[in-house]
Amino acid sequence: MSTPLTLYRPDPAVGRIAQALHRAATPEFSGWLEHTAAAGGCARPIRLTGTIAAVEATTGRITGRLRTDELPDRALYKACGNRRESQCPDCAWVYAGDAYQVVRCGLTGGKGVPDSVGRHPVVFATFTAPSFGAVHHRHVARHTCAARQRCDCRPAPCHARSAAGTCQHGQPAACFARHDTDDPQLGQPLCLDCYDHEQHAVWNYFSGELWRRTKQAIERHLAALCRQRGIPFVQVVTGSGKVRRLPPVRVSHRQGRRDAAKGGRALPRPAAPRRCRP
Ligand SMILES: [Zn+2]
Ligand SMILES: [Zn+2]
Ligand SMILES: [Zn+2]
Ligand SMILES: [Zn+2]
């Protein structure tokens, strides 16, 4: 049996939609909306309570007083400002937008940064594992889908060859299929015997260590460059809540894997090397 929304104040546990419906149905909704706008849509706003006094700076005379008891919800809302998505997706989203603007200004100028930075050399490095043989793959030259995880774009033919023929093991050396994202053939070698399984195993064995050393060398080089040019380090709050000082450029394999989930290329996973059986 359903309960009329106007007769109760929904508990946060009932979810955002029920809370939003309840709010929107109250007569003081527009005033409340204006009052909470300062929190910028924060999911876990800080609620400030007490009295705000307006004091004349020169004389110390109190010219006005406001008690939060008189305000909607009897509190002032302030955004938590947390950068971690797990803590507050809304503030993290604002932070991501700010970070985007910082990077954009660093690349093209604007917001006080001279346009001349646009002429500075920029490197977007992508690290990919070598090929160990032809595998069935799905390549979309230009995505028009809304989300890469559910990509329904028309891919190019897998391995179109004008002179197809067969490999030395008698397997077709071409594949004209346009593979779907859930095609079990994706990632499978065109010919199991042509594929260099030994090299692949060696690569997997050492890729964790290779990536660790590559990342370490890049970060040491960037840190030295920052010190040399007087670029200050930035404070970063890690997932566990610790504050670390880092150069303003990061090499993050997690971002690469997130990009890969969106249809980009993954960096070699920095896992601990595993022993292969001979
Ligand atoms: Zn927040
Ligand atoms: Zn194929
Ligand atoms: Zn797509
Ligand atoms: Zn073969």
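In this predicted model, a convenient place to start is D73, which sits in the loop between β3 (62-67) and β4 (76-78). The backbone of D73 has a positive phi of about 65°, although D73 is not a glycine. Most residues other than glycine have a negative phi. D73 has 12 other C-beta atoms within 10 Å and is therefore exposed, given that 12 or fewer such neighbours is the criterion for that class. R74 lies in the loop between β3 and β4 as well, and its phi is likewise positive for a residue other than glycine, with a value near 55°. Because R74 has 11 C-beta neighbours inside 10 Å, R74 too counts as exposed.

On the N-terminal side of this loop, β3 is itself hardly covered, since the count of buried residues among its 6 residues is 0. The partner of β3 is strand β2 (residues 51-55), to which β3 is joined by 5 bridges in an antiparallel arrangement. Within this pairing, A53 has R65 in β3 as its bridge partner. The two strands β2 and β3 make a hairpin in which 6 residues lie between them, and G60 in the turn takes a positive phi of about 80°.

A second hairpin is found further along the chain, where strand β5 (residues 234-237) and strand β6 (residues 243-246) pair over 4 bridges, again in the antiparallel sense. V237 stands opposite V243 in β6, and 5 residues separate β5 from β6 in the hairpin, with G241 in the turn adopting a positive phi of about 95°.

Turning to the helices, α3 covers residues 89-108, and its 20 residues reach 28 Å from the first C-alpha to the last, close to the 28 Å expected at 1.5 Å a residue. After α3 comes G109, whose phi is positive, near 90°. Helix α4 (residues 197-229) has 33 residues, which should span 48 Å at 1.5 Å a residue, and because its end C-alpha atoms are 46 Å apart, the span agrees with that expectation. Nevertheless, α4 contains a kink of about 45°, centred on F206. The residue that follows α4 is G230, with a positive phi near 70°.

Between α3 and α4 runs a loop that includes P189. P189 has 17 C-beta neighbours inside 10 Å and so counts as partly exposed. Where, in terms of sequence, do the residues that P189 touches lie? Leaving aside residues up to four places away in sequence, they are G133, A134, V135, C194 and Y195. The C-alpha atoms of P189 and H136 are separated by 6.3 Å, even though these two residues are 53 residues apart along the chain.

These local descriptions can be placed within the whole chain, whose secondary structure comes to 5 helices and 6 strands. From the N terminus on, the elements run α-α-β-β-β-β-α-α-β-β-α. Of the 278 residues of the chain, 3% count as buried, a class that requires 20 or more other C-beta atoms within 10 Å. Among contacts between residues at least 6 apart in sequence, 48% join residues at least 24 apart.

Key: Residues numbered from 1 in each chain as written. Chains lettered and ligands numbered in written order. Predicted model: local features only at pLDDT ≥ 70, side-chain atom pairs only at ≥ 80, totals over all residues. Expected span 1.5 Å × (residues − 1). Pairing = 2+ DSSP bridges. Contact = placed C-beta atoms within 7 Å. Bend = angle between axes of the 7 residues up to and from the residue.
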